[in-house]
Amino acid sequence: MSMSGLRTRATLHDVVPAFVRTPDPSLIQLAANETAYGPLPSVLEALAREIAHVNRYPDDGAVGLRHAIADWLGVESARVALGAGSLGLLEQVMLALCDQGSEVVYPWRSFDVYPQLIRVAGATPRPVPLQEERNDLDAMLESVNERTRVVIVCNPNNPTGPGVGRFELKSFLHRLPGTVAVLLDEAYFEYVRDPDMPDGLTLLRDHPNVAVLRTFSKAYGLAALRVGYLVAGRPIVEAVDKTHVTYSVSRLAQAAALASISAQDELHGRVEATVRERNRVREALLSQGWQVPTSEGNFVWLRLGAASHAFGKGLGRWGVAVKVVPNEGVRMTIGTREENDVLLEAAGAVREGVLSDAEQLPAE
Ligand SMILES: Cc1ncc(COP(=O)(O)O)c(C=O)c1O
């Protein structure tokens, strides 16, 4: 209770508002895993046409977009839900599947918003440490109990980079009770090149408890418009739709997502460029002496422990903004070739000072 006697929801008392700070815009932006290339040209044209209609509310059920996504992916439209970014859908899933006292198992360190969303839904977060920078599915399974409603699998894992393989994931799903939902967060799906990693959609037929979460924010370059989609069995989609905030997927977001589906040719080149640059940046960092896990996303991770802050500060002086996870590591988004060159030069320059007190992982 506050001084005024006003009462707020008890489960929120442990929650602190989680506004993500945007870096100084004058820096090279390698902190938020956005694409460096701007929106796709044909999507910009679609947006320019749609902007004249923003006096009208959007189609709240996003019928056209749902059907287009369903046709594109080859699933029924009743199995597709839309939300305000995958974050909006993550919140909807938690509200749809959890009761007060339910538990949600998730990997840690992973996407930092997970525990916040779990608490806001009144559920209890059950983090499970990573194993060699990837989700430890065996340990996650051991954390499941009768209160568990959802297990989040982040594939590939943000911020560390590696993903779990098809065989491992299938074996996990076979052992997990079908009453527990698996939220497979594939925010970086377009960047995955490891042939061993599964396309989550192929798991849906045998596992109705799986929900695949994807976004137009990352590879498609629509981070500010806030539109993501979920593909799952009908019972999950029906429950998730009940938690939809009216009009939360805006007219511009729907128009841009629709145009994005038809812009695969435009998307292809830039995604390939990012994958090439990811490999080049990793190789260059390795040859500078850093330990760098493989990455299937548009970012790389250095587990620098106590030296993370110094590294982030050092890069800031070189005009590069990266994401520092205090006392754990630093995540660097793959930018354009020129941006990555600055990143590499900066990493090389701060190396001496940082590596001496870094808790680097032992060499493989
Ligand atoms: C693993 C993961 N999931 C979800 C998101 C959220 O993306 P959005 O809400 O923009 O779709 C991010 C963004 O960084 C992410 O890394």
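Helix α3 (residues 85-97) gives the shell around the ligand three residues, the most of any element. This is a predicted model, and the ligand is a handy place to start reading it. In total, 13 residues sit around the ligand, and those that come nearest are Gly-85, Ser-86, Leu-87, Thr-215 and Ser-217. Sorted by class, the shell holds seven polar residues, five nonpolar ones and just one that is charged.

Next come the protein's nonpolar cores. In soluble globular proteins, nonpolar side chains tend to be buried together. Here, the largest nonpolar core is made up of 72 residues, and Val-93, Met-94, Ala-211, Leu-230 and Ala-256 have the most contacts inside it. The top contributor to this core is helix α8 (residues 251-261), which puts in seven residues. Apart from this core there is another one, with 25 residues, including Phe-311, Val-320, Val-324 and Ala-347. As for Met-94, leaving aside residues up to four places away in sequence, this residue touches Val-104, Leu-117, Ile-118, Ala-121 and Ala-123.

Zooming out, the protein splits into domain 1 (23-36 + 265-351) and domain 2 (41-261). Taken over C-alpha atoms, the centres of the two domains are 25 Å apart. Where they meet, domain 1 brings 21 residues to the contact and domain 2 brings 23. On the domain 1 side, α9 (264-288), β9 (299-302) and β10 (320-325) are the elements giving two or more residues, and α9 gives the most, with five. That side of domain 1 is quite a mix: eight nonpolar residues, seven polar and six charged.

Terms used. Residues are numbered from 1 along each chain as its sequence is written. This is a predicted model: local features need pLDDT of at least 70, side-chain atom pairs count only at pLDDT 80 or more; totals for chains, interfaces and linings use all residues. A nonpolar core is a set of buried Ala, Val, Leu, Ile, Met, Phe, Trp, Tyr and Cys residues joined through C-beta atoms within 7 Å. A residue is buried if 20 or more other C-beta atoms lie within 10 Å of its own, exposed if 12 or fewer, and partly exposed in between; C-beta atoms are placed from the backbone. Helices (H or I, at least four residues) and strands (E, at least two) are DSSP runs, numbered from the N terminus. Two residues are in contact if their C-beta atoms, placed from the backbone, lie within 7 Å. A residue is near a molecule or strand if its C-beta atom, placed from the backbone, lies within 6 Å of it. Ala, Val, Leu, Ile, Met, Phe, Trp, Tyr, Cys and Pro count as nonpolar, Asp, Glu, Lys and Arg as charged, and the others, Gly among them, as polar. Domain bounds come from an automatic or database domain assignment.
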